[in-house]
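Me: I have a model open and would like to learn how to read it, feature by feature. Could you walk me through it?

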Amino acid sequence: MITEHTERVRKQLQMVSIDDLVPQDHLLRIIDKAIDWSFIYDLVRDKYSPDNGRPSIDPVVLIKIPFIQYLYGIKSMRQTIKEIDVNIAYRWFLGLELGEKVPHFTTFGKNYKRRFEGTDLFEQIFQHILEECYKFRLVDPTEVFVDATHVKARANNKKMQRRIAKEEALFYAEMLRKDIDADRETVKR
């Protein structure tokens, strides 16, 4: 005999695949197919200890989080983390299940500082990703934002696209560093 309560519980419990919830033509799905993210592991190999301490944030996830922020124009890392928590497509892109915890913004900041501070590693990685996005026409290099101001660029050749990707990566890395530092100062108080 099925009670009303049992029927309500049965209707609430559903098996859902996060993969089924993200449309096949979603920009993040297209970008994920176009870019071979494994290049990141080779570049950061010496920044991670395979047998020491707690497991760290996967380096690809550590890069994809600010990429989401950059791609969707989210103002701060704190807000980016909040958006990832509730956005299924962002979760899918990062490989996070629906119930899985999103890294706290301070955890992201600490990992970012430990891995990239004092190097140009983040800029190298971000530039490569932007160049790939330009190559596959996933991001338009003729429209860039500098200090939140829209700037029209002449990016009709590979050399110009490479320069724009480098400038964007440097600009964004500096903006990200300032955001993380500001959040760390806020947490200290």
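**Reading burial, helices and salt bridges**

Reply: Gladly! Let us start with one residue: at 32% relative accessibility, Asp181 counts as partly exposed, because that class lies between the buried cut-off of under 20% and the exposed cut-off of over 50%. Keep in mind that this is a predicted model.

Me: Which residue forms a salt bridge with Asp181, and how far apart are the closest N and O atoms?

Reply: The partner is Lys113, and the closest N and O atoms are 2.4 Å apart. This pair links distant parts of the chain, with Lys113 in helix 8 and Asp181 in helix 10 (residues 158–188), 68 residues apart.

Me: Is Lys113 buried or exposed?

Reply: Lys113 is buried, because its relative accessible area of 12% is under 20%. The bridge therefore pairs a buried lysine with a partly exposed aspartate.

Me: Let me zoom out for a moment. How many helices and strands are in the protein?

Reply: There are 10 helices and 2 strands. From the N terminus on, the elements run α-α-α-α-α-α-α-α-α-β-β-α.

Me: And what share of the residues counts as buried?

Reply: Of the 189 residues, 41% count as buried. As for the surface, the protein exposes about 12100 Å², and carbon and sulfur atoms supply 51% of that area.

Me: What can contacts tell me about how the chain comes together?

Reply: Look at how far apart in sequence the contacting residues are. Here, among contacts with a separation of 6 or more, residues 24 or more positions apart account for 66%.

Me: How do I check the length of a helix against expectation?

Reply: Compare the distance between its first and last C-alpha with the span expected at 1.5 Å a residue. Helix 8 (residues 105–116) has 12 residues and reaches 16 Å, close to the 16 Å expected. Helix 9 (residues 121–135) has 15 residues and reaches 21 Å, again close to its expected 21 Å.

Me: What follows helix 8, and what is its phi like?

Reply: Gly118 follows helix 8, with a positive phi near 80°. Just after helix 9, Arg137 also takes a positive phi, of about 55°.

Me: How many residues of helix 9 are buried?

Reply: Helix 9 is mostly covered, with 12 of its 15 residues buried. Among them are nonpolar residues such as Leu121, Phe122 and Ile125, along with Glu123, Glu131 and Glu132. In helix 8, the buried residues include Phe105, Phe108, Asn111, Lys113 and Arg115.

Me: Which residue of helix 9 is partly exposed, at 29% relative accessibility?

Reply: That is His128, whose place is in helix 9. His128 and Arg162 are 34 residues apart in sequence and 8.8 Å apart in space, C-alpha to C-alpha.

Me: Let us go back to Glu132. With which residues is Glu132 in contact, leaving aside its neighbours within four places in sequence?

Reply: Those contacts are with Ala34 and Ile35. At 16% relative accessibility, Glu132 counts as buried.

Me: Why might residues a few places apart in a helix pair up?

Reply: An α-helix has 3.6 residues a turn, so residues three or four places apart point the same way. In this model, Lys135 forms a salt bridge with Glu132, the closest N and O atoms being 3.4 Å apart. Being 3 residues apart in helix 9, the two are separated by about one helical turn. Lys135 is partly exposed, with a relative accessible area of 48%.

Me: Where else does this spacing appear, with Arg177 and Glu174?

Reply: In helix 10, where Arg177 and Glu174 are 3 residues apart, about one helical turn. Their side chains meet in a salt bridge (3.5 Å, N to O). Arg177 counts as buried at 19% relative accessibility, whereas Glu174 counts as partly exposed at 36%.

Me: Which residues are joined into one network by salt bridges that share partners?

Reply: Lys113, Glu117 and Asp181 are joined that way. The structure holds 11 salt bridges.

Me: Finally, which residues make the nonpolar surface patch of about 300 Å²?

Reply: Val16, Leu21, Ile88 and Leu98 make that patch. Val16 sits in the loop between helix 1 (4–12) and helix 2 (18–21). At 44% relative accessibility, Val16 counts as partly exposed.

Key
Residues numbered from 1 in each chain as written. Predicted model: local features only at pLDDT ≥ 70, side-chain atom pairs only at ≥ 80, totals over all residues. Heavy atoms only, no water. Helix = DSSP H or I, 4+ residues; strand = E, 2+ residues; numbered from the N terminus. Expected span 1.5 Å × (residues − 1). Buried < 20%, exposed > 50% of the residue type's maximum accessible area, 1.4 Å probe, protein only. Patch = residues over 30% accessible without salt bridge, like charges linked within 9 Å, V, L, I, M, F, W, Y side chains within 5 Å. Areas by Shrake-Rupley, 256 points an atom, 1.4 Å probe, with all protein chains shown as cover. Salt bridge = Lys/Arg side-chain N within 4 Å of Asp/Glu carboxyl O. Contact = heavy atoms within 4.5 Å.
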